[in-house]
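Reader: Could we go through this one together, with the terms pinned down as we go?

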Amino acid sequence: MPLAWLGMVPFTLFAVLFLILPTMNIVVGAFQTPDGTPTFRNVLNLFQPSILSAYWISIRISVASALAGCLIGFAMAAAITLGGLPQWIRGPLLTFSGVASNFAGVPLAFAFLATLGRLGLVTVILKDWFGINIYGLGFNLLSFWGLTLVYLFFQIPLMILIITPALDGLKKEWREAAEILGASGPQYWRMVALPILLPSLLGTFALLFANAFGAVATAYALTGSSLSIVPIVLFAQIRGDVLQDPHLGYALAFGMIVVTGIANGIYVWLRARTERWTR
Amino acid sequence: MSFLEIEHLEKSFGSVRVVKDFNLPIEKGEFVSLLGPSGCGKTTVLRMVAGFETPSTGSIRIDGRDVVSLRPNQRNIGMVFQSYALFPNLTVAQNVAFGLKVKGVKVADRTARVAEMLRLIGLEGYDDRYPFQLSGGQQQRVALARALAVQPQVLLLDEPLSALDAKIRVSLREEIRDIQRRLAITTIFVTHDQEEALSISDRVVVMNGGVAEQVGQPFEIYNRPSTRFVAEFVGTLNLIEARVLDRDSGRIGIGSREASLGRPLTSDRLTLGIRPEALTLGRAADRDMVLEGRIDDVHFLGSVIRIQATVAGERVMLDTFNRPGTPPPAPGQAAEFSVHPEDLLVLEGERSP
């Protein structure tokens, strides 16, 4: 028994030192002035238009990339599990998803700048060979949709990785039972498959949302400070340039914890409603 | 013409023919079992009737209508699966009502039908339970109610009892048979359990290697198997090699003994099949074929005593009823066994005469 507890020690120490203590530090710091006196000023400072709009654009990008990631990832996972694609596609796709879902930060930003930037390879090929000027059509990589597109590169594979086992869990007999009882394909999906998958779908959506909401390295490497999403505003407050106000930074981080907490609360509530039928 | 007519049905997966020239007419209200070892094609036949597999050739007609080109949801067939296949996200009542709901039956009619079905399977008051709150036997009864709620023309049962424990299996099979009789619904039951098949069927189809080896009533299948496979697969069978001494009179030699089958034979060697209950320990007055052997082992099972013995070099098994005044024989002792010639299954080559 004592040995079993010993096994828990290393990671618990990690979690305490690098997750729980910093989080507590942030939460406490959000309600303190630089000299340590309690205050609500940092949190109240969040309610200024520039910061509120940063939160709003962060939430929108996170929701958009999570929704699109869920839809596209689901379609791909369904294609390899239920769609009857050749079996050999599954292994490589899942392996690639495992790699791509962790592909973020400077390399990802560079990859997209090199392909879809103003002078990116794809941009130039489209322009020179096909006469399509995507920037002339309004596309901009350093924009809401640009960043959403870049995030999709890790959101879609993450969805594939998480939802594939859930789709594998759909029993063939459920479909056959529904079919022989007279149900059409869409009826089966609406009445049986989607309700069964809903807890997994909600869970994955919540994860993708948090994944995008907290992503800073990719956004910063890609847009610098040209797109004001919360992680970038936060970064500006703590990295030590003219804007530096670490305690506003703490408040910004605290705000992110609150948003993620609300998103998770909604997820937990929805999940409880959608899985009354499980143990 | 029969109500359900399966003619020249064939199914191949790639180069493997899993069902070969399968023919089976089934009368309305009849309960027919497909019995065979795994891989014999019985489930494939059932799935072709359901519409989940497309036959390579052949026809399936229900009430005169060829259904081969129809999708499963157009065939009006009920099916119960081995794994129950209840929808886990729906309550018992919603599961039973599923088929009615997708057909657009009004809520009031649906509710009445669900209540009727739950009464039929003895699960009144379970409407709001979810499948995980039911035992395996209860889940399978709900699956049966769900299949019957839509008033199908044909009921297909795909090893519905295999996942249940022994006691429930026996009670549920009787319940299924009882409901089937009351509703007079034409039923095909797939099983690899011969006792199940023999006990509840009007007729049994014994399948082997994609072929229907024999179709007949349980009594006939058990007592008059038409092939060596059927004789060996259905029930326990003691096999004893015999020499033919005189083909015309049917005299044979078993070990050092001789006996007469009282009918002409066609080959020089044959195998005698003897059911355990047809073999009697000792010399019975009305049995005229006597075999010598040695008792190997004795299992006292309460009402029945199962004896293992060696006769003419072959291991055999026989069952005798327990009698308080007669203690079981001791292992190792020499013994005589007798069998009535009419109870012998004579297996000459592939087919018995």
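Author: Let me begin with a term: buried means under 20% relative accessible area, exposed means over 50%, and partly exposed lies in between, with a 1.4 Å probe and protein chains only. The model is a predicted one, in which local features need pLDDT of at least 70, side-chain atom pairs count only at pLDDT 80 or more, and totals for chains, interfaces and linings use all residues. Residues are numbered from 1 along each chain as its sequence is written, chains are lettered from A and ligands numbered from 1 in the order in which they are written, and side-chain values use heavy atoms, with hydrogens and water left out.

Reader: Fine. Are B:F87 and B:F98 buried or exposed?

Author: B:F87 and B:F98 are both buried.

Reader: And how many aromatic pairs are there over all chains?

Author: There are 16 over all chains, where rings of Phe, Tyr and Trp (its six-membered ring) pair if their centres lie within 6.5 Å, and planes under 30 degrees apart count as stacked, over 60 as edge-to-face and the rest as tilted. One of them joins A:F14 and A:F18, whose ring centres are 5.6 Å apart with planes at 65°, so this pair is edge-to-face. Both residues belong to helix 1 (residues 2–30) of chain A, four residues apart, or about one turn of the helix, and A:F14 and A:F18 are each exposed. Helices (H or I, at least four residues) and strands (E, at least two) are DSSP runs, numbered from the N terminus.

Reader: Why do the rings of B:F87 and B:F98 count as tilted?

Author: Their centres lie 4.6 Å apart and their planes meet at 50°, so the pair is tilted. This pair links distant parts of the chain, with B:F87 in the loop between strand 6 (77–80) and helix 2 of chain B, and B:F98 eleven residues away in helix 2 of chain B.

Reader: Which other residue with an unusual backbone angle should I look up?

Author: B:Y84 lies in that loop between strand 6 and helix 2 of chain B, and its phi is near 70°, a positive value in a residue other than glycine. Most residues other than glycine have a negative phi. B:Y84 is also buried, with a relative accessible area of 12%. B:E159, which is not a glycine either, has a positive phi of about 45°; it is found in the loop between strand 7 (154–158) and helix 5 (166–183) of chain B, and at 9% relative accessibility B:E159 counts as buried.

Reader: Switching topic: which charged ends sit over rings?

Author: The charged end of B:R129 sits over the ring of B:Y126, 4.4 Å from its centre, and that of B:R275 sits over the ring of B:Y222, at 4.0 Å from its centre. The criterion is that NZ of Lys or CZ of Arg is within 6 Å of the ring centre and within 35 degrees of the ring normal.

Reader: What about helix 1 of chain B, how many of its residues are buried?

Author: Eight of the nine residues in helix 1 (residues 42–50) of chain B are buried, including B:K42, B:R47 and B:M48. The helix is followed by B:G51, whose phi is positive, near 105°.
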